[in-house]
Amino acid sequence: MKIPSSILTMLAGVTLTLVSLWYGQNHGLMPVAASHEAELVDELFDAMMVISVGLVILVEGVLIIAAIRFRRRDGDETDGPHIEGNVPLEILWTSIPTVIVLGISVYSFSLYQQMGGLNLSNQAADAGAVEVAYASDNSSNSGHLASAGIGLTQGMGDQPPVAVNVKALQYAFVFTYPESGVISGELKVPANRGVNLSMEAQDVIHAFWVPELRLKQDVVPGETTELSFIATREGTYPIVCAELCGPYHGAMRSQIQVQSPDEFDAWMQSQIASQDNAVETVAAAPAAERSDADYLAPLAQPLNLDVEADALAQLQAPAHSHEHPHYQMAARID
Amino acid sequence: MAQVEILESPASSPPQAHGGERKWTDYFTFSTDHKVIGIQYMVTGFIFYLIGGVLATMIRTELATPQPDFVTPEAYNGIMTLHGTVMLFLWIVPVGAGLANYLIPLMIGARDMAFPRLNAIAFWMIPPSGILLVSSYFFEAPSAGWTSYPPLSVNTGLVGQGIWILAILVGGTSSILGGLNFAVTMLKMRVPGMTLFKMPLFCWSMLATSMLILIGTPVLAGALILLAFDLFAGTSFFNPAGGGNPVLFQHLFWFYSHPAVYIFVLPLFGAISDVIPVHARKPIFGYQAIAFSSFAISFLGLIVWAHHMFTSGTPPWLRMFFMITTMIIAVPTGIKIFGWLATLWRGKIAYTSAMLFSMGFIATFTIGGVTGVMLAAVPFDIHVHDTYFVVAHFHYILFGGAVFGVYMSVYHWFPKMTGHMMNEFWGRVHFVLTFIGMNLTFMPMHELGLMGMNRRVALYDPQFTDLNVMATIGAYIMAVSTIPFIINAVWSWRYGPKAPANPWRALTLEWQTTSPPAIENFDELPVLKTGPYDYGLGYIPEIDPPELYGKQVSEPTAS
């Protein structure tokens with residue numbers, strides 16, 4: 001007895017669905033999820049994996065079955081059946097993918113909204129919904145509003161988000177906490193509380209990426225970009241520069257340490273205390289070793305600009321004198 | 001294969017020039033014959049493919065270990081930039097133009113292209129463009145990637161970057177001239193009786209490609225000229241220090257360079273639509289759907305560029321708009337894949353090398369297409385943008401789609417182009433090695449990207465070593481896989497069994513003339529007896545009418 005092909009097809013369909021559903025949940029292809037945003041992204045990725053695995057198995061399966069079943073037998077010089085198409089079938093395989101991709105679009109859109117992608121500080125300010133904490137008075141870019149990035153989400157907790165200014169330069173990130181003036185070479189944030197990064201680049205385009213947070217944002221010279229998140233899992237994760245920024249791009253890495261709120265507060269207090277004691281602590285941050293002029297020199301040289309790098313630096317920070325270039329950057333940021 | 005055995009000429013006969021076979025020296029002249037130009041394009045492109053391949057092998061050798069020990073990070077960035085630029089602008093674009101040059105006039109029954117001299121000029125821009133590009137490495141190697149985003153591209157090296165820009169401008173001009181020529185030829189020079197809907201699908205896809213070339217390439221040229229001003233004249237179009245905007249360059253660059261992806265693969269979409277029906281003995285499934293989907297792809301391809309910029313300075317609404325257009329482009333692409341599958345279904349599939357490569361094309365391109373849809377989803381793209389996931393994705397498209405497609409086209413049309421059959425056994429060996437090497441190289445990159453490995457790095461976190469070693473082994477297999485192909489092609493060109501006019505019993509017009517075709521393609525105007533895909537209607541393609549070979553040149557090939 002031969003099993004009817006409709007039953008075989010149905011069984012194949014059921015198996016295909018089960019395999020893709022299983023693999024979509026158990027692919028193990030993502031690093032740990034350490035933020036609220038990461039959980040949302042993983043949800044989307046898992047859903048897309050289910051659909052993708054199903055589709056790939058379907059296409060490859062049809063290809064392999066066709067290759068075996070419809071191979072040309074030796075000596076057969078005849079043609080296959082003259083089938084030019086099948087309009088209902090074509091409509092079907094046009095409309096199902098359309099529905100799928102529109103579905104993924106709508107789903108992505110709503111996740112993006114939940115992640116705060118539509119709440120950039122400039123728009124939020126218009127709506128009066130979120131108070132922006134980072135625009136402190138003596139910041140060189142006070143008044144600048146982020147033009148791109150991921151903004152704050154509604155309901156990031158009762159506490160105001162921790163504001164951090166990020167300066168990206170070849171080949172390091174410098175983190176400044178504008179409320180306290182603390183400068184650090186690695187990012188420390190409290191768990192379960194909103195964090196708002198306001199990012200600027202010193203020289204070329206960089207990108208701030210933490211794989212475990214699933215968040216990435218380019219840091220573009222001449223522009224302030226913004227990234228907000230809630231880290232949910234304590235631990236230390238890599239910060240990676242994801243935009244080619246020069247030969248040592250691969251070495252441009254830092255760390256983000258997600259701590260319990262108490263640990264974070266203790267760390268912050270100790271930093272403030274040591275900062276009061278010795279201004280040198282500030283200069284110890286890796287990037288503060290060099291003055292703005294040093295940073296801008298390579299930028300000015302290949303451009304053959306008829307200006308001294310110092311003059312460029314002056315343009316950028318007109319309020320500060322050049323008598324103490326060593327502390328200039330720290331002064332400008334806090 | 002059965003038909004190959006039948007066609008084998010007596011072993012003892014010396015190689016003879018026949019039909020329109022050319023002397024090898026003709027290929028070094030300013031010939032206006034589209035067939036010579038087509039082969040010139042393809043061979044030149046292949047030489048640059050080998051150069052790009054050597055660079056790729058160097059990249060993978062460097063990445064076999066987490067430390068930068070094989071080359072310095074500076075040299076690595078130069079190699080990586082050159083690899084990308086050579087592969088795209090000197091291999092895929094010229095080889096597509098070569099196929100189009102060779103096939104379009106033959107497929108539509110024309111004696112040559114509409115503008116033969118322009119055609120030759122367009123080709124002869126490629127060698128100088130290539131020489132410039134490769135030489136740029138030796139003068140302050142451009143090392144900002146093929147995307148050459150400012151400010152990095154304007155402050156790493158002056159001379160090298162300048163030569164790089166010039167090379168792309170020359171190559172781009174060549175591409176524009178080619179696109180214009182293809183479109184006019186197809187619109188104006190079809191044999192009487194061939195309506196647009198009786199054209200082979202390769203012609204449809206080249207019409208769509210030409211449209212993209214004509215709309216997109218001038219924008220790239222504009223962007224590069226502005227970049228050159230920033231570089232040499234100290235202007236600040238893209239330099240924020242002088243009030244410029246680096247993100248503007250990204251918009252201009254991707255306005256061309258995303259459609260460029262379709263400029264790379266659409267010709268091969270067309271070619272596979274012409275190869276599968278022949279080797280499966282069945283009409284293409286859904287001719288009109290496939291023809292229109294080429295145009296849908298090329299139209300949508302023009303409005304998706306900012307999906308390359310989801311993490312740069314793009315406002316949120318822009319991200320959403322480009323996400324939706326990018327998602328929708330999967331639909332016409334899906335129509336093509338399903339159409340090819342349905343063509344295979346119930347066909348009589350011959351495992352020729354051409355067919356194997358076309359099945360490899362479908363198998364790998366599908367994976368690239370699926371990851372493309374994933375990348376379109378903004379929240380996910382934000383995680384994987386600029387990681388190895390993207391590298392895996394576009395190599396599945398450009399290697400799995402375009403390069404498999406080129407190999408498929410070579411195995412399919414080689415008898416027509418050279419008058420000799422290729423060796424099928426070594427063709428299959430070539431396919432198996434390429435298929436295994438390709439998947440071993442690029443499959444692990446998906447995981448690397450998801451787990452956190454960024455692209456364009458000479459040094460990486462040691463936790464990624466194992467998967468990188470796997471990719472490197474795959475790359476070596478791919479490098480080895482080209483050896484049987486090169487030997488097969490060179491040997492067959494000279495000593496391969498003589499090809500009949502129509503070795504695959506195909507119905508399109510290019511197979512109705514001698515192999516290789518006469519100087520002006522057809523001795524008399526060909527008559528359309530069937531549609532291009534009318535298999536299964538009892539038409540038996542004529543097997544070598546003897547009068548075609550009555551005019552053979554009988555003296556041995558000059559060497």
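# Reading a two-chain predicted model

Student: How do I read the relative accessibility of Tyr248(A)?

Tutor: Buried means under 20% and exposed over 50%, with partly exposed in between. Tyr248(A) has a relative accessibility of 34%, so Tyr248(A) counts as partly exposed. Tyr171(A), at 27%, is partly exposed as well. Bear in mind that this is a predicted model.

Student: How many aromatic pairs does the structure hold, and what is the geometry of the one formed by Tyr171(A) and Tyr248(A)?

Tutor: Over all chains there are 56 aromatic pairs. For a single pair, look at the angle between the ring planes, where over 60 degrees counts as edge-to-face. The planes of Tyr171(A) and Tyr248(A) stand at 75 degrees, with the ring centres 6.0 Å apart, so this pair is edge-to-face. Tyr171(A) sits in the loop between strands E2 and E3 of chain A, and Tyr248(A) in the loop between strands E10 and E11, so the pair ties together parts 77 residues apart in sequence.

Student: What is the geometry of the pair Tyr49(B) and Trp91(B)?

Tutor: Planes under 30 degrees apart count as stacked. Tyr49(B) and Trp91(B) are stacked, with 25 degrees between the planes and 4.3 Å from centre to centre. Tyr49(B) belongs to helix H2 of chain B and Trp91(B) to helix H3, and the pair links parts of the chain 42 residues apart. Both Tyr49(B) and Trp91(B) are buried.

Student: Which cluster do Tyr49(B) and Trp91(B) belong to?

Tutor: Ring pairs can be followed from one residue to the next. Here they link a cluster in chain B that includes Tyr49(B), Trp91(B), Phe46(B), Phe357(B), Tyr407(B) and Phe485(B).

Student: Where does the charged end of Lys216(A) sit?

Tutor: A ring can also be paired with a charge. The charged end of Lys216(A) sits over the ring of Trp209(A), at 4.3 Å from the ring centre.

Student: How do the two chains read as wholes?

Tutor: Begin with secondary structure, then burial, contacts and surface. Chain A has nine helices and 11 strands, whereas chain B has 18 helices and zero strands. Of the 334 residues in chain A, 50% are buried; for the 559 residues of chain B the figure is 66%. Among contacts with a sequence separation of 6 or more, those between residues 24 or more positions apart make up 69% in chain A and 82% in chain B. Chain A exposes about 15000 Å², of which carbon and sulfur atoms supply 58%. Chain B exposes about 17500 Å², and there carbon and sulfur atoms supply 72%.

Student: What is the mean pLDDT of chain A, and where does pLDDT stay under 50?

Tutor: Read the mean together with the low stretches. Chain A has a mean pLDDT of 78, and 71% of its residues reach 70 or more. pLDDT stays under 50 over residues 280-290 of chain A, where the model has 20 contacts beyond four places in sequence. The value also stays under 50 over residues 295-334 of chain A, with 64 such contacts.

Student: Which backbone features in chain B should I look at?

Tutor: Check omega, then phi. A cis peptide bond joins Pro150(B) to Pro151(B), with omega about 0 degrees, and Pro151(B) is in the loop between helices H5 and H6. Another cis bond joins Ser515(B) to Pro516(B), with omega about -10 degrees; Pro516(B) lies in the loop between helices H17 and H18. As for phi, Ser148(B) is a residue other than glycine with a positive value, near 40 degrees. Ser148(B) lies in the loop between H5 and H6 and is buried, at 1% relative accessibility. Arg456(B) also has a positive phi, near 60 degrees, in the loop between helices H16 and H17. The relative accessible area of Arg456(B) is 7%, under the 20% limit, so Arg456(B) is buried.

Student: Is Ser210(B) buried or exposed, and what does its side chain reach?

Tutor: For a polar residue, read burial and contacts together. Ser210(B), in helix H8 of chain B, is buried, with a relative accessible area of 1%. Its side chain reaches the backbone oxygen of Gly179(B) at 3.4 Å. Leaving aside residues up to four places away in sequence, Ser210(B) touches Gly179(B), Phe182(B) and Ala183(B).

Notes
Residues numbered from 1 in each chain as written. Chains lettered and ligands numbered in written order. Predicted model: local features only at pLDDT ≥ 70, side-chain atom pairs only at ≥ 80, totals over all residues. Heavy atoms only, no water. Helix = DSSP H or I, 4+ residues; strand = E, 2+ residues; numbered from the N terminus. Buried < 20%, exposed > 50% of the residue type's maximum accessible area, 1.4 Å probe, protein only. Polar contact = N/O pair within 3.5 Å; in protein donor to acceptor, adjacent residues only side chain to side chain. Contact = heavy atoms within 4.5 Å. Areas by Shrake-Rupley, 256 points an atom, 1.4 Å probe, with all protein chains shown as cover. Phe/Tyr/Trp six-rings, centres within 6.5 Å; stacked < 30°, edge-to-face > 60°. Lys NZ or Arg CZ within 6 Å of the ring centre and 35° of its normal. pLDDT = per-residue confidence, 0-100.
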